[in-house]
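Q: Please take a close look at the salt bridges in this model. Which side chains pair, and where do they sit?

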Amino acid sequence: MAAETETKTGIKNADEIITLALAYGLTVTVETTDRETLTSHLVRFAIPVPVAYAGTELGRAIAGDTLTMLWTKSTRKGARGRLEDATVWSATDSRKVRTVRLLTAGVEHMGRDAQKYARDAAPLPEDVVDAPHAVFVDGRQVHKGIPAARVRMIVSNRRFAGRLVHQDDENAICSDSRRYVPVQPTPAEETPAPADERKHVRTVDGGTPEIIPTRDALAEINTAMMEGKHDVREMSAARSSARIVYKDPARGTVKLRPATAEGLSPRRPRPAAEVLAADPIPAGASVLEGMPGRKITREELRTPGDVLIHTDYVVQLRNSGAWILPNHDDHADITRGSVAIVLRRMLDDAPGRARTTLDTDGTVYVSNGRQAVRYIPAARIADRSADFCPGCGTPYATNGDGPCAQVHAAEQRAADADRIRAQAALETRAYNVRLEAQQLATNQVIEERARESLAAVLHQAAGEGKAGFVFHTNHLAVRLRGVNSYGEEWPLLTEALQLHLEHYGWFVEPAQCHGVRITPGGDVAEIVREGQRRSVDTAHAQAVAELAQV
């Protein structure tokens, strides 16, 4: 009788190999057949095919890599399991395995391959949509509003562990039976087009990028991996991007990557003044905190042509909260290669602190917390010429080595912004002083009411050589504690004071430092009004005293 059972055989050596395969994430099936005198277990190991490779030549090759082993065990008492047969299968051949040690090595080899395929096909944490996610388990929603940062952590952990995870056409992250779906619709410019309408960018030897259908790009990648691999000298691929170095110099080095919305429908050039004055950094935020766009990693900058799609840029420096052009003798134009050098150097000099991003319009931002620069694609500026300053429009040949006239206007705007911020800070400080004074006056009223309550039960304040209660009052809280005649903490008296106050309707809780913290019960509106009146009277008296000294 044959049946599919749990992934255990009851044979120690076989179960150890099965446990190892499950730890690597391999697919394990066990078919058990019971006879009168013998029980056999047919165990199959297979590599899970990533969704990105399904239906491709590579996917079929992965599915063909399997390992099968047959174990038997007599039904007699004390019988031991025996390995009868084991075979390693691939898409092109097969071979027998005779020992448990070789079986273990074969499973480890398949496990490492499975982890590599899973990492290569998995999405990056940056691919997760920046929106709350709903969690579905087997099609049933179990959570909603999971932060995007948590989903990115899940993707990062599964990539590191070599576990299968993929992103479907709805930008949902799929992991085993779980599906993390963004609850907010993706903006139209970021929504993936249907598979037959998607485009790729193909670049040969760093030349002019060419827009081709995605199916043609994937076909070239699959060919280079499989039947055409003898024509390839070097290749690296991740998801749907690849770099292929062909042996034939005429075919050169080909780079393939998905086309972005910016690349498919580039924006029309705008006047230089409008482009240079635009500032997406939020008011009051630093460039390091507020730079827009997706993060550029250090690994991406190894091949800058894949991330910096423009060949020429205009540089702007951050100065006093505004973007300015460099001096005329430095020129504002810079090439893609020079931009990549600056980005790599900034990230290498301040690892963990420096950050660089790529905005949707192609602008690149970089900052290390002290300095900030942005690089605007020259193609975004209408009638741009490298011989003229984009700010003032004067030719570099005759305008000298001073700053651009635009800098003076930027400095004036920065000075106005500093003045506004200083005035706002002064008003905030004055408000905080008034608020603290009102809170102190209110807590002083609370202390007076508490003294009256304690006096009603014949408790007395502490004095020199006399035990009693002590209040500690500031603008944050009113604290009470009991002390003995030596001025030392007396917990028993503090507990008695707490019981009396609670009897009269006060809220009492342990204080963080010492004693207890007290709050009046019931309606405290009268106490607050009395505190406001006292704080106003105190402020009025201080103003009169200051006028008298003038």
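A: A salt bridge here is a side-chain nitrogen of Lys or Arg within 4 Å of a carboxyl oxygen of Asp or Glu. By that criterion the structure holds 24 salt bridges. The model is predicted, so local features need pLDDT of at least 70 and side-chain atom pairs count only at pLDDT 80 or more, while totals for chains, interfaces and linings use all residues. Residues are numbered from 1 along each chain as its sequence is written, and side-chain values use heavy atoms, with hydrogens and water left out.

One of the pairs lies in helix H12 (residues 525–549), where helices (H or I, at least four residues) and strands (E, at least two) are DSSP runs numbered from the N terminus. There, Asp 537 and Arg 533 meet at 2.9 Å, N to O. They are four residues apart in the helix, which means a separation of about one helical turn. Asp 537 has a relative accessible area of 40% and is partly exposed; buried means under 20%, exposed over 50%, and partly exposed in between (1.4 Å probe, protein chains only). Arg 533, at 42%, is also partly exposed. Salt bridges with shared partners join both residues with Glu 448, Glu 530 and Arg 534 in one network.

Another salt bridge pairs Glu 220 with Arg 202 at 3.0 Å, N to O. This pair links distant parts of the chain, 18 residues apart: Glu 220 belongs to helix H5 (residues 214–225) and Arg 202 to strand S12 (residues 199–204). Glu 220 is buried, at 15% relative accessibility.
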